[in-house]
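Look through the sequence and the structure before reading on. The paragraphs below go from the core to single helices and then to the second chain.

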Amino acid sequence: MSVPPVHDLVALLIVIPLVAGLLSLAVINSRFWSRAIGVSSILLTLGLALGLLLQLTANGGDVLVSEMGNWKAPFGIVVIYDSLSGILVTAAMVTALAAYLHSFSSLDPGVERRYFHPLFQFLLVGVNLSFVTGDLFNLFVGYEVMLMASYALLTIGSGRAQLRQAYKYVLLNVLAGTILLMSAGMTYGMFGTLNMADLARIIAEIEADPTRELPAGFTALSVMLLLVFAVKGAFFPLWFWLPDTYYTLPIAIGGLFGGLLTKVGVYTIVRLFPGVFASDGAGGSSDVIAVTLAITAGVTMFLGVLGAVSQHRVRKILAVHVISQVGYMAAGIAVAVWVDRGAVLGGQLTGRTIAAFAIGGCVFHMVHNIIVKCALFLCCGLMEKHAGTDDLDKLGGLLKRDVFLAVLFFIAAMSLVGFPPLSGFGGKIVIIQAGWSNLWVLSVLGLLTGALTLLSMLKIWSYGFWNPDQAPVARQPSHVKATNRSAYLGVALLVAIALFLGFGSEAVYEIAFNAGDQIADRTAYIEAVLGPEGIANLDGPAPVDAPATTQPAEVLP
Amino acid sequence: MTLIVSVCVAVIFGTSIYLMLSKELKSVAMGVFLLGHAANLCILAQSGSPLIVGDDGMVESVKRPPILGQGEPAAAPLDLLVDPLPQALILTAIVISFGVMAFLLTLLVKTSRSQGTLDLDELARPAEADDPPVPVLSEDDENRTTHGPQPDRGNDPERGEPA
């Protein structure tokens, strides 16, 4: 069977940064060529991701599948590009472009020459692989590639504090990676497959067939996987590594990490949990997962924002804030898993519709947060350029010194808070609405968190920008503006995208809700990967002489 | 057989976590090394027992390597051959854990050279102060950020002006 070539372009999302990374190793001593290769790689990948995304959206939420070496799906390796992967890869590439541009003016040349350029590309390889992979083991590989690059980026310019934090980050992630590896092995032991679509098919068939049960230990496996992704996503009890490490990073790298890396963990939960590892079949895990996620989400967003308000340095406020925002996404997934219990794949129950809605909100919020969080970090980098510090007590008068930066920061901050026309509103309103009738506690917490987010952003605004006391001038404003053009360009790019997400949210909603539908009802995904025979038995056991082929699974209390 | 492997996995995992909780970074590195082995063994156990048990409950023989085309019956080859896929997974995982280990050891060497200690308490003590700036050695004013960690160039063979 020959595959139409457009499908196979998906693999280039991984190949382009990989080749660029290797090429920039060869020209490591030339700053110009390193940067040229880096920028063209990111632009190419971004163009490809955007083109594929627009194409599949025009087809009403297509799923592009590329089989490596033409080996058929459950046996060979597949990379899959659907609405969920597509919108996240695109957002990731935009963020990468902005952070990369910012690094031209903000990164220490010593750090830059120590393999920053290849490492940056390898990080993108890992991120993209994690987003597009269709099988659990390759997910592990993608994670490890991403983590190796992030370990190295974390330690290239290692001062003492940075080294100490690096160990925390490395050890925790090694532990999480090992658990992911074991879980992948156990998944293979239980289901005989590692392909995500095949897993979804097998579990859906078990759910639909009242005579079958999920294997013993399925819940344990689900919880192990959730643990791994919760570490990566910095969920409540497992977030402690994040504020310490992100705070010590050079700001361009910190912006990329803060925007991107936690969302890879959240993405994986969206991809793997609703309906698959949070299954409501007999012996399923959806109760445990739903309750765990709901509690974690509430505590994560609320404690996260309290932590942010209590900080007094811009970097720390932003770093702790990453956690709070992840809580919203977890809330979206929790609502989806919560309402989805008892629904049958392919059925038309309202629970499924709400689940799709909640996942759509979660996806929208993820995209918004990737962009806006990175924009805020990059703004912080420019504030440091002006004042020489990020300590709120020593900042001040930035509004007078640099109106352009103030405007950029204000838009990004208000987007994060979620003032109605801006982008943060779009995701939060959907998540809060979806949770309102089922998990209203989460929705109330979400609203409270929003108010406190406003407080923490106003704290930066009033100390840093509005405060009339001029901080001792570290550098002339005109000098900063003249020497940091690429940094301003990066921030402006992200703020423009954030404005688009707010005012053009219609288009983004369409993609996000496509993604939500595909996650809540995986029939299309399974059919795209496994072919029509993959979905033959999804509605229950083969109809011998039973009158109803669709048997509602047991509704759990 | 599976039970023995499970016990081994538990023991190795326990030892590894114990080592990783140590304050001495060399022990931590050993813990990370063992951790990979525990995971690999766990995956190996997923392929089931390698023993072929006869009808009388006695062990008849062990399964053969998974190479077809040597006269085996095509039906149900996994009753006679070991499952190759977990081994393929382990192979990949070993390579990755080698990479992680190499990185960790490099980090240890760098830490001990630049900080003179491998004890986490020692590393933590002077950095308790909130602000971690280290004097900037670069002459290039443009890239001097007065805040934030700076690279130590103590052992950098490439020290000097940027390209």
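**From the core outward**

In this predicted model, the largest nonpolar core has 240 residues. Those with the most contacts inside this core are A:Ala334, A:Ile371, A:Ala375, A:Leu378, A:Cys379 and A:Ala412. Helix α15 of chain A, residues 350-387, supplies the largest share of the core, with 24 residues.

Take A:Ala334 as an example. Leaving aside residues up to four places away in sequence, A:Ala334 touches A:Ala290, A:Leu293, A:Ala294, A:Ala297, A:Leu439 and A:Leu442.

One of these partners, A:Leu442, leads to another helix. A:Leu442 is among the buried residues of α19(A), a helix that covers residues 440-466 of chain A. Helix α19 of chain A has 27 residues, and the distance from its first C-alpha to its last is 37 Å. That is close to the 39 Å expected at 1.5 Å a residue. Its other buried residues include A:Gly446, A:Gly450 and A:Gly464, as well as A:Thr449, A:Thr453, A:Met457, A:Ile460 and A:Phe465.

A second helix can be read in the same way. Helix α10 of chain A runs over residues 218-233 and has 16 residues. From first C-alpha to last, α10(A) reaches 22 Å, close to the 22 Å expected at 1.5 Å a residue. Its buried residues include A:Phe218, A:Leu221, A:Ser222, A:Leu225 and A:Leu226. Towards the other end of the helix, A:Val228, A:Phe229, A:Ala230, A:Val231, A:Lys232 and A:Gly233 are buried too. After α10(A) comes A:Ala234, which has a positive phi, near 60°.

Now turn to chain B. Chain B has four helices and two strands, and from the N terminus on its elements follow the order α-α-β-β-α-α. Of its 163 residues, 23% count as buried. Among the contacts in chain B with a separation of 6 or more, 51% join residues 24 or more positions apart.

How confident is the predictor in chain B, by mean pLDDT? The mean pLDDT of chain B is 73, and 69% of its residues reach 70 or more. Among the elements of chain B, helix α1 (residues 2-20) has the highest mean pLDDT, 90, and helix α4 (residues 120-124) the lowest, 74. Over residues 127-163 of chain B, pLDDT stays under 50. For that stretch the model has 66 contacts beyond four places in sequence. For the complex, the predictor gives an ipTM of 0.82 and a pTM of 0.87.

Conventions
Residues numbered from 1 in each chain as written. Chains lettered and ligands numbered in written order. Predicted model: local features only at pLDDT ≥ 70, side-chain atom pairs only at ≥ 80, totals over all residues. Core = buried A, V, L, I, M, F, W, Y, C linked by C-beta atoms within 7 Å. Buried ≥ 20, exposed ≤ 12 C-beta atoms within 10 Å, placed from the backbone. Contact = placed C-beta atoms within 7 Å. Expected span 1.5 Å × (residues − 1). pLDDT = per-residue confidence, 0-100.
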